[in-house]
Amino acid sequence: MSRESVVVCGAGLVGLASALALARAGFDTTLVGPVRDLPVPVPGKFGARVYAISPASQRFLSDLGVWDMLDPARITPVEAMQVYGDASGHVHLNAWQAAQTTLTWILESDEIERVLRQAVRLFRVNWCPDHFHQSSSGRVVTSSGQTLPAGLVIGADGARSPVRESAGIRHHSRPYGHSGVVTHLTVQRPHQGTAFQWFTSDGVIAFLPMPDTPEGHQVSLVWSMPQEQAEALMAKAPDDQALWLESHLAPVCSGFFGDVHVRSSVFSFPLFVEHSDMVAPGIALVGDAAHRVHPLAGQGLNLGLGDVQELLRVLASKEAYRDVGDMRVLSRYRRARAEPVLAMRAVTDGLHRLFAIQSPPVMLARNLGMTLVDRLPFLKRRLIDGASR
């Protein structure tokens, strides 16, 4: 068995990025995970799941050689963001305030996956379209019984990670009691490359700018709402879902966007805050297998890609006499990721808790705080710089 053999379990975005990065760095890489059917891109039609790609993630995807493979017509650069509290609080962030041209880029999950798949195949990564079953003694066994050599197993297999469970890595999970509701909207007025977010008594509503289509101006809706409310919405017929969303969104956003119409299917998923120990002998977790944060900052995928970058750096710089699965090596990865993951969890969880409190003094304080931040350019630069990493 080669000491440099790495098995990446999970064929989602973070798994594909892991396999590609390791293969490019010269590791003997195998990707384990079923190949899902990927829809053929259709002009003017977009997948329900979209991501906000930070400048750091954009640079990483560029280094991997996949950014230029993306269809420019399906990328929306975001130059500004407007955040509104549940009273008079308001923060307006603009890329130029931190000497940047773009705060983030909005991209479909399907489009990112399409180019990552192409690159993985270009680098001839061995792709085993099977499920992970177990690992032991430097081997991975798939659900069909295939045995693969593995100096290191990377768990990129999602929030319910079988790799994490098999390795017995400690994991902590807490439900928010909220669900994320996502769909695409046609709006009357252009978004002008600006993302909007409203903190309301019914949760956090975000409008992410999307490419315009012949039907009109487009945004992607991400609404973190109480779980009971989301379940009631999802129990409705599709036409009734659209009517409910349009009527409840109008008081919040009609002053900015005019008429709002649902233009795609509505999906919902429960929200959790989760974190794990991330490593065990011969095992490293990345992405949702390692941690999940509230989506109000849109940083979930960025954190996962940051994991991949750091793990690659640690493996590439290890001593020649150490194995890729050596705990001394993997502990360096865990330490390096501890601060950025904890910081993002503290910010997102803290904001969620803060805006969940409906006490009038707390409401006044948080909205005054937002207004203060909006008046202090150096704080805005700090916020933008932090989100860019």
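In which sense do strand 19 and strand 20 pair, and over how many bridges? Strand 20 covers residues 283-285, and strand 19 pairs with this strand in the antiparallel sense over 2 bridges. The model is a predicted one. The points below cover two open sheets, one of 6 strands and one of 3 strands, then a hairpin, the salt bridges and a cavity.

**Sheet of 6 strands**

- The strand order in this open sheet is 8-2-1-12-20-19, and the pairing is mixed.
- Strand 8 (126-128) and strand 19 (279-280) are the edge strands; each has a single partner strand, so one side of each has no neighbour in the sheet.
- Where strand 19 meets strand 20, Val279 stands opposite Ala284.
- Helix 1, made of residues 13-24, packs on this sheet and touches strand 1 (5-9), strand 2 (28-32), strand 8 and strand 12 (152-155).
- The direction of helix 1 makes about 165 degrees with that of strand 2.

**Sheet of 3 strands**

- This open sheet has the order 3-7-4, and its pairing is antiparallel.
- Strand 3 (50-53) and strand 4 (76-78) are at the edges with a single partner strand each, so one side of each is left without a neighbour in the sheet.
- From one strand to the next, the twist averages 25 degrees.
- Strand 7 (residues 104-108) runs antiparallel to strand 3, and 4 bridges join the two.
- Ile53 has Trp105 in strand 7 as its bridge partner.
- Two helices lie across strand 3 and strand 7: helix 2 (residues 55-63) and helix 3 (residues 109-122).
- Helix 2 runs at about 95 degrees to strand 3, while helix 3 runs at about 80 degrees to strand 7.

**Hairpin of strand 9 and strand 10**

- Strand 9 (residues 132-136) pairs with strand 10 (residues 139-142) in the antiparallel sense, over 4 bridges.
- Phe132 is placed opposite Thr142 of strand 10.
- The hairpin has 2 residues between the strands, and Ser137 takes a positive phi near 50 degrees.

**Salt bridges**

- The whole structure contains 17 salt bridges.
- One of them joins the side chains of Asp110 and Arg36, at 2.7 Å from N to O.
- This pair links distant parts of the chain, 74 residues apart: Asp110 is in helix 3, and Arg36 is in the loop between strand 2 and strand 3.
- Arg36 has a relative accessible area of 39%, which makes this residue partly exposed.
- Another salt bridge connects Arg292 with Glu274, and their closest N and O atoms are 2.8 Å apart.
- Because Arg292 lies in strand 21 (residues 291-292) and Glu274 in strand 18 (residues 267-276), the pair ties together parts that are 18 residues apart in sequence.
- The two partners fall in separate accessibility classes: Arg292 is partly exposed, with a relative accessible area of 21%, whereas Glu274 counts as buried at 5%.
- The cut-off for buried is under 20% relative accessible area, so Arg292 at 21% is classed as partly exposed.
- Asp307 and Arg337 also meet through their side chains in a salt bridge, with 2.7 Å from N to O.
- Asp307 belongs to helix 7 (residues 300-316) and Arg337 to helix 8 (residues 327-356), so this pair ties together parts 30 residues apart in sequence.
- Asp307 is buried, with a relative accessible area of 0%, and Arg337 counts as buried at 8% relative accessibility.
- Glu319, Arg322, Asp326, Arg328 and Arg332 are joined into one network by salt bridges that share partners.

**Cavity**

- The count of cavities of 30 Å³ or more comes to 1.
- The largest cavity holds about 40 Å³ of space.
- Its lining consists of Ser18, Ala21, Leu22, Ile154, Val286, Val308, Leu311 and Leu312.
- Helix 1 and helix 7 each supply at least two residues of this lining.
- Helix 1 is also the helix that packs on the sheet of 6 strands, and helix 7 also carries Asp307 of the salt bridge with Arg337.

Notes: Residues are numbered from 1 along each chain as its sequence is written. This is a predicted model: local features need pLDDT of at least 70, side-chain atom pairs count only at pLDDT 80 or more; totals for chains, interfaces and linings use all residues. Side-chain values use heavy atoms; hydrogens and water are left out. Two strands pair if DSSP finds at least two bridges between them. Contact means heavy atoms within 4.5 Å. Axes are lines fitted to C-alpha atoms, for helices over the stretch in contact, and angles run from 0 to 180 degrees between N-to-C directions. A salt bridge is a side-chain nitrogen of Lys or Arg within 4 Å of a carboxyl oxygen of Asp or Glu. Buried means under 20% relative accessible area, exposed over 50%, partly exposed in between (1.4 Å probe, protein chains only). On a 1 Å grid over the protein atoms alone, a cavity is a set of points where a 1.4 Å probe fits but cannot get out, and a pocket is an open set with protein on both sides within 12 Å along at least five of seven lines; lining residues have an atom within 4 Å of a point. Grid points are joined across faces, edges and corners, and a volume is the space filled by probe spheres set on the points.
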